[in-house]
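Here are some short exercises to work through with the structure beside you. Try each task before you read its solution.

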Amino acid sequence: MERVKEEIERLRYLLEEHNHRYYVLSDPSISDQEYDALMHRLEELEAQHPELITPHSPTQRVGSDRTEGFATITHRYPMLSLSNTYSYDEVKDFYERVCREIGRDVEVVAELKYDGLSISLVYEDGVLSRAVTRGDGRLGDDVTANVRTIRSIPLRLQGEGYPRELEVRGEILLPWVEFERINQSRIAEDEPPFANPRNAASGTLKQLDPKVVAARKLDAYLYHVPGEQPELPHTHYERLACCRRWGLKVSHATHLCHSLEDILAFLDHWDAARSHEPVATDGVVLKVNSIAEQEELGYTAKSPRWAIAYKFKAEQVQTELLSVDYQVGRTGTITPVANLAPVAISGTIVRRASLHNADFIASLDLHLGDTVAVEKGGEIIPKIVSVVPSLRSVSAPRVGFPSVCPACGTALERIAGEAAYFCPARSSCPEQQRGRVEHFCSRKAADIRIGPETIDLLFEHGLLSDIGGLYALEEEQLLGLPGFQRRSASNLVRSIEESRERSYSSILFGLGIRFVGETTAKTLARAYPSIDELSAASQEDLCAVPEIGPVIAGSVVDFFAQQSNRSLIETLRGAGVQLSREVTEQSDSGAESVLSGLSIVISGVFALHTRDEYKALIERLGGKISSAISSKTDYVLAGEKMGPAKLAKAESLGVRILDEAAFLALIEQGTDDKHKH
Ligand code: AMP
């Protein structure tokens, strides 16, 4: 039973992490299929042990893409998902079911399924008044300002005959060429590239600055007018034709089918033809044409019963396996990565593919020089799905797996029940240390402005061997390195100095304790106000903290049990890095009372500080950030371009709205008041 609990907890932890990466960071690290497999396993275990289901389990909620900083809008009609099918047989089942339930052969509209993010647009008197993301299906984010920058979405409808209020739904997309262009510039600026156009489109739409959105040329297709609306035509196909007349962009790949044969012919045609589309597509959507028949067929909690999505098989191409690298991650896990002869798939050039682990390599019976089939289903990391053994040369050596760490030569180990090998030489393995330094410097951790190449350079020149070493770096040492000028050297040293001001929880996250992501670090920092108290906690103590289970607790205890980690903490302490909450509280103690217990909503864009800085400041001063305005909100910190809906809501509830200057004055004043007492 303990093992089941542990597995459930680990799955929940992983799913939450991947959810966050997907929805919040728009930077997933696993494919949808892998995510589904984890979710499936969790559902299976929870079905066997329903007593272990908690309201916080990822199985208990529908995925949401809500982001803080946008006003919340309730959808008039819920934005549902579509049920998926993967075979012609299932399509046939769907068609037969709807015909049977309606009692005659029905017309079905077949459309390409665009792989972006769904949007609901509302036109009032022909003028675009609101654009809202799907969110959790019921509540979405008001992204009107950003959607206004999309050229293919008309701000005003053309022609006549549109209803006073028209809602249309569709998909926001980033064309392949734009996707490539943006990723190239992100790589040049040391920012992680977007995994696929869908994430790029969603990351773009969630930008708080519409200027950034305008610079990335998003596109949109509209494909649905929800609701019975008697003044509109009574078929989906005619409604789409109306939308076209009103100047809305409706896909040319839309066909009215009268039989199963028509439907299958559409699927056949677009499976191949979609590769010429300028935007990502991942299937075909089939919708019963008559609105009355749609209503008759109805809905499940998750999706309409009158529509279905047929997903294309991921696009595959063949290429040659040139070599295999074995990468050492910061936790010591060894990940094999295939280097491929460059090949174009779904609009991008693929050069590398993950090989996951030793078992995966063995299951493919991979040999160097093999011709391999590579797949990228609108997905993140391309995958090798099969090998063509008939094209293998007789002398091709089999791809093996190293028995020692490629970075430090230590014999690799494997934890029972886990697929990955890892290097146990945690502190003496230079690659792991390098990875840890990189993680420690990342924005959400110590926020030290240093790119991976510079970290490599410092390691190569012996100037750095672990996180603690960062705080011993001097400008003069850096000046001797290739590419360093006085300015870049002093910038780096300053950035390291500034990291001393980073909060205890950010540093805790930066330490890279296994399973301790950003949120868990905050939870731990809240429960244990100093690292000394945290490091003294037993596994049992830690398990008593809400949201901390045995896996995380074990990992924390294990971390602090290692001498090398304890000496790292001492080095950081000596360098003046914040390792407790008290330090922050003391320095801001005067102002602390001003915000403690207050609920604050941040909205708009700011001139004096970034939004993240305000967020950190408020949290540091004891305030609580919330995303939506309610009667519980104490203040709205309003920058420029605060959404009109938010403004109206704040005003109607009588919530105080402070601009930047007033907010900063409030904090100052609080400090003075406190000092006076
Ligand atoms: P899924 O997210 O896999 O459940 O698929 C449902 C999503 O497909 C919808 O929420 C839409 O965002 C998207 N979609 C793309 N093209 C279409 C289309 N032609 N009709 C309906 N939905 C579409």
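A polar contact is a pair of N or O atoms within 3.5 Å. Keep that cut-off in mind, and remember that this is a predicted model.

**Exercise 1. Find which side chains have an N or O atom within 3.5 Å of a ligand oxygen, starting with Ser118.**

Step 1. For Ser118, a side-chain N or O atom lies 3.2 Å from an oxygen atom of the ligand. The cut-off is 3.5 Å, so the pair counts as a polar contact.

Step 2. Now try Lys113: here the distance from a side-chain N or O atom to a ligand oxygen is 3.3 Å.

Step 3. For Glu171, the corresponding distance is 2.5 Å.

Step 4. Next, look at how covered the ligand is. On its own the ligand exposes 490 Å², and the protein buries 85% of that.

**Exercise 2. Describe the shell of residues around the ligand.**

Step 1. Count the neighbours: 14 residues surround the ligand. The closest are Ser81, Glu111, Arg134, Glu171 and Lys287.

Step 2. Sort the shell by class. You should find 6 nonpolar, 2 polar and 6 charged residues.

Step 3. Look for strands that contribute. Strand S3 (108-114) and strand S10 (281-288) each provide at least two shell residues. The biggest share comes from S3, with 4 residues.

**Exercise 3. Which residues line the largest cavity?**

Step 1. Begin with the count: the structure holds 1 cavity of 30 Å³ or more. The volume of the largest cavity is about 50 Å³.

Step 2. Read off the lining, which includes Glu111, Leu112 and Tyr114, along with Tyr221, Leu222, Tyr223, Leu240, Val250, Ser251, Ala253 and Thr254.

Step 3. Sort these by class: 8 are nonpolar, 2 polar and 1 charged.

Step 4. Check the strands. S3 and strand S8 (219-224) each supply at least two lining residues. You have met S3 before, in the shell around the ligand.

**Exercise 4. How far apart are the centres of domain 2 and domain 4?**

Step 1. Locate both in the domain assignment: domain 2 covers 72-311 and domain 4 covers 430-574.

Step 2. Taken over C-alpha atoms, their centres are 44 Å apart.

Technical notes. Residues numbered from 1 in each chain as written. Predicted model: local features only at pLDDT ≥ 70, side-chain atom pairs only at ≥ 80, totals over all residues. Heavy atoms only, no water. Near = heavy atom within 4 Å. Polar contact = N/O pair within 3.5 Å; in protein donor to acceptor, adjacent residues only side chain to side chain. Areas by Shrake-Rupley, 256 points an atom, 1.4 Å probe, with all protein chains shown as cover. Nonpolar A, V, L, I, M, F, W, Y, C, P; charged D, E, K, R; others polar. 1 Å grid on protein atoms, 1.4 Å probe; cavity = no way out; pocket = protein on both sides within 12 Å on 5 of 7 lines; lining within 4 Å. Points joined across faces, edges and corners; volume = space filled by probe spheres on them. Domains from an automatic or database assignment.
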